[in-house]
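I opened my notebook for a friendly first look at this structure. Here is what I looked up, entry by entry.

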Amino acid sequence: MASLTIRKLDDAVKTYLRLRSATNRRSVEEEVRVILRELIEGREEPLTPFAVPPAPSTAAASQRTGALPEASVTLIIGGGIAAYKSLDLIRRLKERRIEVRCVLTKAAQQFVTPLAVSALSHERVYTDLFDPQSEFDAGHIRLARDCDLIVVAPATADLMAKMANGHADDLASAILLATNRKVLLAPAMNPLMWSNAATRRNLALLQRDGAVLIGPNSGEMAEAGEAGVGRMSEAIEIANAAERLLRPPVPRPLAGKRVLITAGPTHEPIDPVRYIANRSSGKQGFAIAAAAQTAGAEVILVSGPVDLDDPPGVTVKHVESARQMLEQVQTALPADIAIFAAAVADWRVANEGEQKLKKTSAGMPPLQLVENPDILATISKLTDKRPPLVIGFAAETEHLIDNAKAKLARKGCDWIVANDVSPATGVMGGDRNTVHLLSRTNGAKDGEIAVDSWPVMTKEQVATELVAHIVRSATDKSLETAP
Ligand SMILES: Cc1cc2nc3c(=O)[nH]c(=O)nc-3n(C[C@H](O)[C@H](O)[C@H](O)COP(=O)(O)O)c2cc1C
């Protein structure tokens, strides 16, 4: 039996697993076991956008390369009057960046032409099981499996009957029998056909076999004077249902939580053109902001001067100095979680020049330094608006754990993310980070400090891991419990 190394999975899959396992309070390995068990038992929810489809497909390949389109559908058009709506459906799917390959049954061609379907889908249209051109490499099997989802619209009474009973005497039914993909049915038929006992039986069989249904709606029929349940769902409704199956919502375990994050360096002015700074790039704080936003939190990021794009969906307040950063942090309160990842300058120039300082024969002008406000300690020691979870960062160049432990006790925060920023590590400005998560257990100020050392990771991975710890902690009654 082959073994699975979680570490070697794609980053997106690992991110999904971490968030999902944190939400369900299971280890990542346990979560994988649960997913596999549910898949075998047929209970697993459709795969998320992070997840890779069960077998390689064009969509999966393009997802990995980042190229468009991101998903693909085989659309089977049955022989009903509603077939004209499937022309609009092709457009609706394509505008959702879903690639569409169409199969027309013989009867469908009485209602829409392969030419119209081909022109709209920008693909060749498939109509014949015994087409030598597409069957030289088992084309019906490729149409059945080389996609992420099969949509049948309109699903006629006849097509549903053939599918329920395992027929495979034309291209559409052969594809439906040969597929291992989810099938979305959009039935369309006369209300009496829909309510007929045979159709009800077929429908029950199909649903038991895992087919997903959209509609039918109730309303007027094409036949004059007839109304009832049997109208095919509108193209937009079917496209939305397909999209939900292809890209179900990402777990949002931090929904409803407000997360305040600081990032980057601060610039402390010497005069109007010079300043004291540090080498912080802001990458780690920005990655945490993006991960918290992905997990559903409302994120406010207070950033010093950095060369990074604002993370989408995050409210970013740009500041220069430590005092401005503190002011923006205080304005952003209350928050459920505060993460202080910024490298705030400890000192600023007390005698900041109003004009550019000039070289004089008297030599270098003396710079008097005064201590900057300590943002982490100030917020950690608040009595009224203190966020329930306050996380600091300790960037150290020596005695990392000892210094971080001392900082945790001194500042009064709950967790410290300690990282070695000595030049040899390349952490400052680099893309990777090696961190240790220190926490005060059970909120006891002078109690034990737990140290959790993580392997070398990208800053995005550190961010995801930290958010996963926060998710676990946030679901606890006390946010001060050790991660
Ligand atoms: C004008 C016309 C409209 C039809 N509309 C429908 C329909 O909406 N739903 C349906 O199940 N059958 C409808 N039928 C019957 C189907 O066309 C027929 O059962 C056909 O064999 C279905 O082929 P398929 O299995 O390729 O879909 C209609 C027939 C005609 C002549």
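**Entry: what helix H4 packs against.** I started with the buried residues of H4, in a model that is predicted. They pack against three strands and two helices: E1 (71-77), E2 (98-104), E3 (149-155), H5 (114-121) and H12 (235-246). Next I asked myself which residues of H4 are buried. I found Ala83, Lys85, Ser86, Leu89, Ile90, Arg92 and Leu93.

**Entry: the length of H4.** I checked the span of this helix, residues 83-95. Its 13 residues should cover 18 Å at 1.5 Å a residue, and because the end C-alpha atoms are 19 Å apart, I noted that the two agree. Just past the helix, I saw that Arg97 has a positive phi of about 55°.

**Entry: strand E4 and its partners.** I moved on to E4, residues 182-187, and found it mostly covered, with five of its six residues buried. How many bridges pair E3 with E4? I counted five, in the parallel sense. Within that pairing, I noted Leu185 of E4 as the bridge partner of Val152. I also looked at E5 (residues 212-213), which runs parallel to E4 and is joined to it by two bridges. There, I found Val212 of E5 opposite Leu184.

**Entry: around the ligand.** I looked up the shell and found 16 residues surrounding the ligand. The closest are Gly78, Gly79, Gly80, Thr105 and Thr156. Which helix gives the largest share of the shell? I wrote down H8 (residues 157-164), with three residues. By class, I noted 10 nonpolar residues, five polar and one charged.

Definitions and conventions: Residues are numbered from 1 along each chain as its sequence is written. This is a predicted model: local features need pLDDT of at least 70, side-chain atom pairs count only at pLDDT 80 or more; totals for chains, interfaces and linings use all residues. Helices (H or I, at least four residues) and strands (E, at least two) are DSSP runs, numbered from the N terminus. The expected span of a helix is 1.5 Å times one less than its number of residues. A residue is buried if 20 or more other C-beta atoms lie within 10 Å of its own, exposed if 12 or fewer, and partly exposed in between; C-beta atoms are placed from the backbone. Two residues are in contact if their C-beta atoms, placed from the backbone, lie within 7 Å. Two strands pair if DSSP finds at least two bridges between them. A residue is near a molecule or strand if its C-beta atom, placed from the backbone, lies within 6 Å of it. Ala, Val, Leu, Ile, Met, Phe, Trp, Tyr, Cys and Pro count as nonpolar, Asp, Glu, Lys and Arg as charged, and the others, Gly among them, as polar.
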